[in-house]
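Trainee: I should like to work through this model by question and answer. May we begin with the loops and then turn to the helices and the core?

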Amino acid sequence: MKADDAPALIVIVNQINAFAQSSPDNLRMKNLLDMAMLALNHVQSDPLNPTAREDLVKYLINCETWTHYEIMIFYNSIFIFDVETVIVIQKRLIRVISRYDNLRLYGSEPFRTLVKITMFYLEHGKVLEALESLMDLRDFDIQEEFLFERTMYKFVAGETYTITNTNRIKAIDDALNIFQAAGSTHQVNRLVDHMKLVVKANQFHNDDFDALIEKWGGTPSTKTPTTTVS
């Protein structure tokens, strides 16, 4: 999510709030409102609403049986959690997977969530945890037609191994090329922004990695951005 998503999120918050006020006892509606408010805080770089954050974290931690609904809430609000809580939730997610319908037509939500968790660890400088997540991802039997999942695995595995000094720059570049060829410019931009956060969080210095970020239109966090005068 980026700052230019804010106008759409404001509309969503207002719409959900209207429904929530008409159904004050509807817990799911309250969860969605909390999630939308926190997403708006996040894209506007505002402090997270403490009540919304506490209620959403408490709901996910205390919910004994996770379904598609809980997985989607966590996937879209992972930014509100600290690393220790994500580690706990990841263990729960792994237990859920054995009971989860993984064969949806458009892809595998548990797999995508574990990819996002791996990226979260990298953005917080937790490379060992990221490597452990790759082990969980390798246990998935992803269908051949799930191109998004296969490409994201190529990307995040290449990135994790490169940070641990096993050069997989080509794998990262190949993944970005696949998204570019598919017309997923937004996804490419998100991944480039993510790489810059990873460089900063891990104090990672690698000329090839910096060159890759620059190739895809980003300024590595290890370098001073160039000021353009118009």
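Trainee: Is Gln-203 buried or exposed?

Mentor: The model is a predicted one. Gln-203 belongs to the loop between α10 (185–202) and α11, and has a positive phi of about 45 degrees although it is not a glycine. Its relative accessible area is 65%, and a residue over 50% is classed as exposed. Gln-203 is therefore exposed.

Trainee: Which loop holds Asn-165, and what is the relative accessible area of Asn-165?

Mentor: Asn-165 is placed in the loop between α8 and α9. Asn-165 is not a glycine, yet has a positive phi of about 70 degrees. The residue counts as exposed, its relative accessible area being 72%.

Trainee: Why does Asn-41 count as buried?

Mentor: Asn-41 lies in helix α2 (residues 27–43). Leaving aside neighbours within four places in sequence, its contacts are Asp-46, Pro-47, Leu-48 and Asn-49. Buried means under 20% relative accessible area. Asn-41 counts as buried because its relative accessibility is 13%.

Trainee: Which residues does Thr-113 touch, not counting residues up to four places away in sequence?

Mentor: Thr-113 is part of helix α6. At 1% relative accessibility, Thr-113 counts as buried. Outside the excluded stretch of sequence, not counting residues up to four places away, the residues touched by Thr-113 are Ile-71, Phe-74, Tyr-75 and Leu-93.

Trainee: Which helix gives the largest share of the largest nonpolar core?

Mentor: The largest nonpolar core has 58 residues, and Phe-74, Phe-155 and Met-195 are those with the most contacts inside it. The largest share of this core amounts to eight residues, and comes from helix α6 (residues 109–123).

Trainee: With which residues is Met-195 in contact, leaving aside its neighbours within four places in sequence?

Mentor: Met-195 is one of the residues with the most contacts inside the largest nonpolar core. Once neighbours within four places in sequence are left aside, its contacts are Phe-155, Glu-159, Ile-172, Leu-176, Phe-209, Leu-212 and Ile-213.

Trainee: How many residues make up the other core?

Mentor: This core lies apart from the largest one, and its members include Leu-9, Ile-16, Met-29 and Leu-33. Its residues number eleven.

Trainee: How is helix α9 oriented with respect to α11?

Mentor: The axes of helix α9 (residues 169–181) and helix α11 (residues 207–215) come within 10 Å and cross at roughly 10 degrees. Angles under 35 degrees count as roughly parallel. The orientation of α9 to α11 is therefore roughly parallel.

Trainee: How many charged residues does the contact of α9 with α11 have?

Mentor: From α9 come Ile-169, Ile-172, Asp-173 and Asn-177, which meet Asp-208, Phe-209, Leu-212 and Lys-215 in α11. By class, four residues of this contact are nonpolar and one is polar, while the charged ones number three.

Trainee: What is the hand of the crossing in which α7 passes α8?

Mentor: Helix α7 (residues 127–138) and helix α8 (residues 147–163) have axes that come within 10 Å and cross at roughly 145 degrees. The crossing of α7 past α8 is left-handed.

Trainee: How many nonpolar residues does the contact of α7 with α8 have?

Mentor: On the α7 side are Val-127, Ala-130, Leu-131, Leu-134, Leu-137 and Arg-138, which meet Tyr-153, Val-156, Ala-157, Thr-160, Tyr-161 and Ile-163 in α8. By class, one residue is polar and one is charged, and the nonpolar residues number ten.

Terms used
Residues are numbered from 1 along each chain as its sequence is written. This is a predicted model: local features need pLDDT of at least 70, side-chain atom pairs count only at pLDDT 80 or more; totals for chains, interfaces and linings use all residues. Side-chain values use heavy atoms; hydrogens and water are left out. A nonpolar core is a set of buried Ala, Val, Leu, Ile, Met, Phe, Trp, Tyr and Cys residues joined through side-chain atoms within 4.5 Å. Buried means under 20% relative accessible area, exposed over 50%, partly exposed in between (1.4 Å probe, protein chains only). Helices (H or I, at least four residues) and strands (E, at least two) are DSSP runs, numbered from the N terminus. Contact means heavy atoms within 4.5 Å. Axes are lines fitted to C-alpha atoms, for helices over the stretch in contact, and angles run from 0 to 180 degrees between N-to-C directions. Angles under 35 degrees count as roughly parallel, over 145 as roughly antiparallel, 65 to 115 as roughly perpendicular and the rest as oblique. Ala, Val, Leu, Ile, Met, Phe, Trp, Tyr, Cys and Pro count as nonpolar, Asp, Glu, Lys and Arg as charged, and the others, Gly among them, as polar. A crossing is left-handed if the near helix is turned anticlockwise from the far one by less than a right angle, and right-handed if clockwise.
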